[in-house]
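Student: Could you take me closely through a single part of this model, and then set a few other positions beside it? I would like one connected account.

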Amino acid sequence: MSKLKVDILVESPLWERNSGVSRSVMRAAMAAGAHPKVGPAIRAGDEVCVTLIDDEAIAALNRRWRGKNAPTNVLSFPAPPGPVMGHPRYLGDIALAFETIDREAKAQGMPFEDHVAHLVVHGLLHLLGYDHLSEGEARRMEALETRILVSIGVADPYATEAA
């Protein structure tokens with residue numbers, strides 16, 4: 001069982017169209033936090049915030065923090081390391097953009113909730129220091145994402161992309 005606390009903030013009414021989103025976010029975050037490769041990096045009570053926004057809001061964040069003037073599906077903002085060892089930490093924020101995720105899920109022929117779960121796992125791994133800047137890092141991160149998602153019944157998102 002995961003020791004992770006997850007706060008979900010709904011900042012766009014677009015997300016209200018899908019009643020299963022909160023469940024998908026929680027299930028994905030808990031599965032990632034409980035995975036043997038990820039779990040040891042999470043202390044009891046560590047917290048993450050998942051904010052559900054729209055393309056306009058994520059484009060503004062992407063422009064401000066990454067210099068990219070376009071929406072994206074997910075952004076992760078790791079919190080600075082806390083000074084107290086052994087106590088719960090705030091790991092950071094994950095922002096998800098409804099329209100981009102909806103468009104991608106339809107294009108890939110996958111359920112919206114499954115794509116949300118994938119992006120939550122992806123974002124959480126970024127908060128824990130995983131990245132995909134090199135081909136080797138990308139393969140390791142994708143393999144871990146796939147193992148976590150399969151553990152909750154979500155198909156391999158990278159197999160879907162290749163199909």
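Tutor: In this predicted model, Ile94 has a relative accessibility of 1% and is therefore buried, since the cut-off for that class is under 20%. The residue belongs to strand E4, which runs over residues 90-97. Once the neighbours within four places in sequence are set aside, the contacts of Ile94 include Val48, Cys49, Val50 and Thr51, and also Val74, Leu75 and Ser76. Of these, Val74, Leu75 and Ser76 carry numbers that fall within strand E3 (74-78). Further along the chain, Ile94 is also in contact with Val120, Gly123, Leu124 and Leu127. Val121 lies 27 residues from Ile94 along the chain, and the C-alpha atoms of the two are separated by 9.9 Å.

Two loop positions can be set beside this one. Ser12 sits in the loop that links strand E1 (5-10) to helix H1 (21-34), and with a relative accessible area of 3% Ser12 is likewise buried. Leaving out residues within four places in sequence, Ser12 is in contact with Leu52, Ile53 and Asp54.

Lys68 is placed in the loop between helix H2 (55-66) and strand E3 (74-78). Its relative accessibility is 44%, so Lys68 counts as partly exposed, a class that lies between the 20% and 50% limits. Not counting residues up to four places away in sequence, Lys68 touches Ala59, Asn62 and Arg63, and these three numbers fall within the span of helix H2 (55-66).

Note on methods:
Residues are numbered from 1 along each chain as its sequence is written. This is a predicted model: local features need pLDDT of at least 70, side-chain atom pairs count only at pLDDT 80 or more; totals for chains, interfaces and linings use all residues. Side-chain values use heavy atoms; hydrogens and water are left out. Helices (H or I, at least four residues) and strands (E, at least two) are DSSP runs, numbered from the N terminus. Buried means under 20% relative accessible area, exposed over 50%, partly exposed in between (1.4 Å probe, protein chains only). Contact means heavy atoms within 4.5 Å.
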